[in-house]
Amino acid sequence: MTELAWQKSTFSGGPEGECLYVATAPDKTIRLRESDTPDVVLATGPEGLAALLLGIKTLA
């Protein structure tokens, strides 16, 4: 498996140190993981990530 270039979200690092990481895989899917459980990786496409972000903004 190709090593992914993970980037920490600019909104990560709150008082409890929670961090969200994002990477793009060779197949162009977007991968997400959390610092607490780095072995659990979610995969989605651009549309899925856009829907997630819209849902988060709606709740805020």
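Me: In which segment of the protein chain does Ala 60 lie?
Reply: This model is predicted. Helix H1 covers residues 46–59. Ala 60 therefore falls outside the helix, and its place is the segment after helix H1.

Me: Is Ala 60 buried or exposed?
Reply: A residue counts as exposed when its relative accessible area is over 50%. Ala 60 has a relative accessibility of 88%. For this reason, Ala 60 is classed as exposed.

Me: How far apart in space are Ala 60 and Glu 18?
Reply: In sequence, Ala 60 and Glu 18 are separated by 42 residues. Taken from C-alpha to C-alpha, their distance in space is 18 Å.

Me: In what order do the elements of the protein chain run from the N terminus on?
Reply: The protein chain holds 1 helix and 4 strands. Read from the N terminus on, the order of these elements is β-β-β-β-α.

Me: How many residues lie between E3 and E4 in their hairpin?
Reply: Strand E3 comprises residues 30–34, and strand E4 comprises residues 37–44. The two strands run antiparallel and are joined by 4 bridges. In the hairpin that they form, the number of residues between them is 2.

Me: Which residue of E4 is the bridge partner of Leu 32?
Reply: Leu 32 belongs to the pairing of E3 with E4, in which the strands run antiparallel. Its bridge partner in E4 is Leu 42.

Me: With which residue does Arg 31 form a salt bridge?
Reply: The structure holds 1 salt bridge. A salt bridge requires a side-chain nitrogen of Lys or Arg within 4 Å of a carboxyl oxygen of Asp or Glu. The closest N and O atoms of the pair that includes Arg 31 are 3.7 Å apart, so the requirement is met. The partner of Arg 31 is Asp 27.

Me: Is Arg 31 buried or exposed?
Reply: The cut-off for a buried residue is a relative accessible area under 20%. For Arg 31 the value is 15%. Arg 31 therefore counts as buried.

Me: What share of the residues of the protein chain counts as buried?
Reply: The protein chain has 60 residues. Its exposed area is about 4,800 Å², of which carbon and sulfur atoms supply 60%. Among the residues, the share that counts as buried is 15%.

Me: How far apart are the mean positions of the positive and negative charges?
Reply: The protein chain carries 5 positive and 8 negative charges. Each group has its own mean position, and the distance between the two is 9 Å.

Definitions and conventions
Residues are numbered from 1 along each chain as its sequence is written. This is a predicted model: local features need pLDDT of at least 70, side-chain atom pairs count only at pLDDT 80 or more; totals for chains, interfaces and linings use all residues. Side-chain values use heavy atoms; hydrogens and water are left out. Buried means under 20% relative accessible area, exposed over 50%, partly exposed in between (1.4 Å probe, protein chains only). Accessible areas come from the Shrake-Rupley method with a 1.4 Å probe; for residues, only the protein chains shown count as cover. Lys and Arg count as positive and Asp and Glu as negative; His and the chain ends are not counted. The place of a charge is taken as NZ of Lys, CZ of Arg, CG of Asp or CD of Glu. Two strands pair if DSSP finds at least two bridges between them.
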